[in-house]
Amino acid sequence: MAKLDAETEDFHHKKVSTSMAQDIQKARLSKKMTQAQLAQRINEKPQIINDYEAGRAIPNQQVSHRARGPALGCGSLCEY
């Protein structure tokens, strides 16, 4: 039991970076879209966009790439 109490390793999932969260929000706002509109456009739930922009989401490469499309230079939101 003492060995378990002495355990100091911290187990948690990596969250999206602050810069990624800001990139997504800036891209969305530059297109004058709401979180719900962006979510619908990339076929995700609005809560996913909210979690990404708040830095609470566990990174998913496909979602982050689709959500950051405008920031990556797409003329409009990228279609995937």
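**Exercise 1. Find the partner of D51 in this predicted model, and say how exposed that partner is.**

Step 1: Start at the side chain of D51 and look for a salt bridge. D51 forms one with R56, and the closest N and O atoms are 3.1 Å apart.

Step 2: Check that distance against the cut-off. A salt bridge needs the nitrogen and the carboxyl oxygen within 4 Å, and 3.1 Å passes.

Step 3: Now look at R56 itself. Its relative accessible area is 44%, so R56 is partly exposed.

**Exercise 2. How many salt bridges does the structure hold, and which parts of the chain do E53 and R28 link?**

Step 1: Count first. The structure holds 3 salt bridges.

Step 2: Take the pair E53 and R28, whose closest N and O atoms are 2.6 Å apart. E53 sits in helix α4 (residues 46-54) and R28 in helix α2, so this pair links distant parts of the chain, 25 residues apart.

Step 3: Check the surroundings of the pair. E53 and R28 are both buried.

**Exercise 3. Is each of R66 and E44 buried or partly exposed?**

Step 1: Place the pair. R66 and E44 meet through their side chains in a salt bridge, at 2.5 Å from N to O. R66 belongs to helix α5 (residues 61-67), while E44 is in the loop between α3 (35-41) and α4, 22 residues apart.

Step 2: Use the cut-off, which is under 20% relative accessible area for buried. R66 has 18%, so R66 counts as buried.

Step 3: Do the same for E44. With 24%, E44 is partly exposed.

**Exercise 4. Which side of α2 is buried, and what does it pack against?**

Step 1: Check the helix length. At 1.5 Å a residue, the 13 residues of α2 should span 18 Å, and the end C-alpha atoms are indeed 18 Å apart.

Step 2: List the buried residues of α2: M20, A21, I24, A27 and R28. They cover an arc of only 135 degrees around the axis, so they lie on the same side of α2.

Step 3: Turn the helix around. T18, K26 and S30 are exposed on the other side of α2.

Step 4: Ask what the buried residues touch. They pack against α3, α4 and α5.

Step 5: Add Q22, another residue of α2. Q22 has a relative accessible area of 41%, so Q22 is partly exposed. Although Q22 and A54 are 32 residues apart in sequence, their C-alpha atoms are 8.7 Å apart in space.

Step 6: Look just past the helix end. There, K32 takes a positive phi of about 55 degrees.

**Exercise 5. Which residues make up the largest nonpolar core, and which helices supply them?**

Step 1: Collect the members. The core has 11 residues: V16, M20, I24, L38, A39, I42, I49, Y52, A57, V63 and A67.

Step 2: Sort them by helix. α2, α3, α4 and α5 each supply at least two residues of this core.

Step 3: Relate this to a general pattern. In soluble globular proteins, nonpolar side chains tend to be buried together.

Step 4: Zoom in on one member, A39. Setting aside neighbours within four places in sequence, A39 is in contact with E44, K45, P46 and I49.

**Exercise 6. What does S64 touch?**

Step 1: Locate S64 in helix α5. S64 is buried because its relative accessible area is 6%.

Step 2: Follow the side chain of S64, which reaches the backbone oxygen of Q61 at 3.2 Å.

Step 3: Look further along the chain. Leaving aside neighbours within four places in sequence, S64 is in contact with M20 and Y52. Both M20 and Y52 belong to the largest nonpolar core.

Conventions: Residues numbered from 1 in each chain as written. Predicted model: local features only at pLDDT ≥ 70, side-chain atom pairs only at ≥ 80, totals over all residues. Heavy atoms only, no water. Helix = DSSP H or I, 4+ residues; strand = E, 2+ residues; numbered from the N terminus. Buried < 20%, exposed > 50% of the residue type's maximum accessible area, 1.4 Å probe, protein only. Polar contact = N/O pair within 3.5 Å; in protein donor to acceptor, adjacent residues only side chain to side chain. Contact = heavy atoms within 4.5 Å. Core = buried A, V, L, I, M, F, W, Y, C linked by side-chain atoms within 4.5 Å. Expected span 1.5 Å × (residues − 1). Arc of directions from axis to C-beta.
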